[in-house]
Amino acid sequence: MARPENPLPEGSDPQIDAARWMRGLRDRMGLTNRQLAQEFGVSESTISRAMAGQGVNRLIRLLFVMPFKCDGNVQESLELMGRLSRRRRAHLQQPVEGILGCDPDLIVTPAELIRGMRVLRIRAGQPSLAELKRRSPNRTLAPTTINEILLGQRLPSALVLARFVMACGVVPPESDRWARAWQRVMFSQQQNGWKTKAPFARMTRFRLVEMEADVGSAFARPFREANEEVNGHLAGPSDPD
């Protein structure tokens, strides 16, 4: 039998308020900490500590997913994450967007890029995958592709990221920062032995050129240049498809 959960302290504190909000969401759905742990792929102790208001980073990670798994209010989740991030920022001396993973200038790893894309989607109003496709240039953003990326199953190409940030309403010069973020992530992957095949790189470049003609060079060119910088010196023409 599970041990009874301790009541949360009174008063307004960002960590306690986040825990109280998540408890309410959990209880409304009729779920247990164990069920949440299984759903999110984490340990039960991680959920229990979060429900006790322990750990800013842990709370922020769970606040990302709770609204979508437990039918919660996204805006309320964002407000709680903002309050937690402001507290954490005082120690790390980073902007709130950096803590939330949505400041492109602070993105250097694949996980940070994917997290940033998730936050970008939330800030765009959490459009459905079908709506993202509708908003993308010539409706070219494939829902299956973007779903796999947001689930962390693959990384976006420069082309897919360009389509995604445009669908989320990002315009130059902000979009340029996302192109540079993608370039940093890809270079970090190269240092770990990752390699892009030349035929794929050439096809991506061709489509970015097409996109530049459709949406304007101010938006598309930074993504094309980032793609060329990352892929230009890689595999030769004899590489397999």
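**Salt bridges, cores and one lone arginine**

Twelve is the count to start with: this chain has 12 salt bridges. Keep in mind that the model is a predicted one. Side chains of opposite charge can pair when their charged atoms come close.

Let's take the pairs in turn. Arginine 23 bridges to glutamate 5, with the closest N and O atoms 3.6 Å apart. Where do these two sit in the chain? Arginine 23 is in helix H1, residues 14–29, and glutamate 5 is in the segment before H1, so the bridge ties together parts that are 18 residues apart in sequence. Now look at burial. Arginine 23 has 12% relative accessibility, so the residue counts as buried. Glutamate 5 has 36%, so that partner counts as partly exposed.

Next pair. Arginine 26 and aspartate 27 meet at 2.9 Å, N to O. Buried or exposed, what is arginine 26? Buried, because its relative accessibility is 6%. Aspartate 27 comes to 48%, so aspartate 27 is partly exposed.

A third pair: arginine 135 with glutamate 131, at 3.0 Å, N to O. Both lie in helix H8, residues 129–135. They are four residues apart, which is about one turn of the helix. Arginine 135 is partly exposed, with a relative accessible area of 33%. Back to the earlier pairs for a moment. Glu5, Arg23, Arg26 and Asp27 are joined into one network by salt bridges that share partners.

Now the arginine of my title. Arginine 121 is found in helix H7, residues 110–123. This arginine is buried, yet has no salt bridge. Which side chain of opposite charge is nearest to arginine 121? That is glutamate 131, 10 Å away. A salt bridge needs the nitrogen and the oxygen within 4 Å, so a pair at 10 Å does not qualify. What does lie close by is backbone: the oxygen of proline 127 is 2.9 Å from a polar atom of the arginine 121 side chain. Beyond its sequence neighbours up to four places away, arginine 121 also touches several other residues, among them Leu132, Leu150, Phe164 and Cys168.

Phe164 takes us to the nonpolar side. The largest nonpolar core has 33 residues. Those with the most contacts inside it are Met117, Phe164, Val165, Trp178 and Phe223. Which elements give two or more residues to this core? They are H7, H9 (143–150), H10 (158–167), H11 (174–191), H12 (198–215) and H13 (217–231). H10 gives the most, with eight residues. Phenylalanine 164 is in contact with Met117, Leu120, Arg121, Leu132, Leu141, Ile146 and Leu150, leaving aside neighbours within four places in sequence. Apart from this core lies another, of 24 residues, including Trp21, Met51, Val56 and Cys70.

One loop residue, quickly. Valine 42 sits between helix H2 (33–40) and helix H3 (44–51). Its relative accessibility is 34%, so valine 42 counts as partly exposed. Leaving aside neighbours within four places in sequence, valine 42 is in contact with Ala37 and Ile47.

Now the whole chain. The secondary structure is 13 helices and zero strands. Of the 241 residues, 45% count as buried. Contacts between residues 24 or more positions apart make up 64% of those with a separation of 6 or more. The chain exposes about 12800 Å², and carbon and sulfur atoms supply 48% of that area.

To close, go back to arginine 121 on your screen: buried, and without a salt bridge.

Definitions and conventions:
Residues are numbered from 1 along each chain as its sequence is written. This is a predicted model: local features need pLDDT of at least 70, side-chain atom pairs count only at pLDDT 80 or more; totals for chains, interfaces and linings use all residues. Side-chain values use heavy atoms; hydrogens and water are left out. Buried means under 20% relative accessible area, exposed over 50%, partly exposed in between (1.4 Å probe, protein chains only). Contact means heavy atoms within 4.5 Å. Accessible areas come from the Shrake-Rupley method with a 1.4 Å probe; for residues, only the protein chains shown count as cover. Lys and Arg count as positive and Asp and Glu as negative; His and the chain ends are not counted. A polar contact is a pair of N or O atoms within 3.5 Å; within protein, one must be able to donate a hydrogen and the other to accept it, and residues adjacent in sequence count only if both atoms are side-chain atoms. A nonpolar core is a set of buried Ala, Val, Leu, Ile, Met, Phe, Trp, Tyr and Cys residues joined through side-chain atoms within 4.5 Å.
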